[in-house]
Amino acid sequence: DIEQVCVDLQRHIEGATPTFSNKHRTIRPSGQWAWMMTHGKVVQWDDLGRPLRLVGTHTDITERVLASLIFAHCEQAIFIADENQCIQSTNPAFHELTGLEPAEVVGKDFPELVSASSQSRSAGSLMNTLPNNGQWEGERWIPRKDGGEFCAFVSVKISPHLERGSGHYIGLMTDITAQKEADQAIRRNQKLDAVG
């Protein structure tokens with residue numbers, strides 16, 4: 001990543017940017033790669049306009065980058081909602097599963113989303129359980145954009161900071177429609193066998 005670091009630094013030195021900012025990889029003494037975010041600013045110049053001193057910070061953002069990769073590539077549908085239960089972010093698997101685009105769900109109330117189907121119970125049990133237990137899980141029928149529905153195993157957890165007014169609800173949805181249909185078929189066959 002050294003080429004882009006040099007390009008971004010040079011742009012700042014030439015006055016194209018008010019600060020130097022760059023995300024790049026470095027190698028730790030252990031030999032492991034780490035992601036770093038560097039911010040800086042030239043604070044002293046010589047008489048010829050050359051930089052003498054740059055002040056800045058290096059922040060290890062490896063965990064943040066890895067979490068972002070997991071979020072983007074996870075096969076489970078994920079939504080993140082704020083303390084007011086409004087959806088703030090969803091991953092690509094969420095859009096594949098529901099058919100809904102980000103603009104169609106961001107800002108919407110997540111309890112309504114997971115209770116919107118006529119086959120699902122009201123959001124009451126979900127929102128009554130969450131504050132007391134810090135988590136809720138269960139099966140819900142979720143509507144798709146095309147008018148269909150899918151059965152999902154939904155798990156919602158409250159992030160540790162929610163009680164201080166700055167946390168989030170994190171929800172995972174796994175499509176279990178095929179499993180539910182197979183279970184129903186087995187039950188139908190068992191009833192037929194019992195009658196016959």
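Aromatic residues and the nonpolar core

Student: Which residues does phenylalanine 94 touch, not counting those up to four places away in sequence?

Tutor: Contact means heavy atoms within 4.5 Å. Beyond that sequence window, phenylalanine 94 touches Ala77, Ile78, Phe79, Gly99, Val105, Leu113 and Met173. This is a predicted model, in which local features need pLDDT of at least 70 and side-chain atom pairs pLDDT 80 or more, while totals for chains, interfaces and linings use all residues. Numbering starts from 1 along each chain as its sequence is written, and side-chain values use heavy atoms, without hydrogens or water.

Student: How many residues are in the largest nonpolar core?

Tutor: In soluble globular proteins, nonpolar side chains tend to be buried together. Here the largest core (buried Ala, Val, Leu, Ile, Met, Phe, Trp, Tyr and Cys joined through side-chain atoms within 4.5 Å; buried is under 20% relative accessible area, 1.4 Å probe, protein chains only) has 20 residues. Those with the most contacts inside it include Phe79, Phe94 and Phe110. Strand β7 (149-158) gives the largest share, four residues; strands are DSSP E runs of at least two, helices H or I runs of at least four, numbered from the N terminus.

Student: Which rings are linked into a cluster by ring pairs?

Tutor: A pair of aromatic rings is described by the distance of the centres and the angle of the planes. Phe, Tyr and Trp (six-membered) rings pair with centres within 6.5 Å; planes under 30 degrees apart are stacked, over 60 edge-to-face, the rest tilted. The cluster is Phe79, Phe110 and Tyr169. Phenylalanine 79 and phenylalanine 110 are tilted, at 5.3 Å and 35°, linking β4 with α5. Phenylalanine 110 and tyrosine 169 are also tilted, at 5.1 Å and 50°. Tyrosine 169 counts as buried because its relative accessibility is 6%.

How values were computed: Buried means under 20% relative accessible area, exposed over 50%, partly exposed in between (1.4 Å probe, protein chains only).
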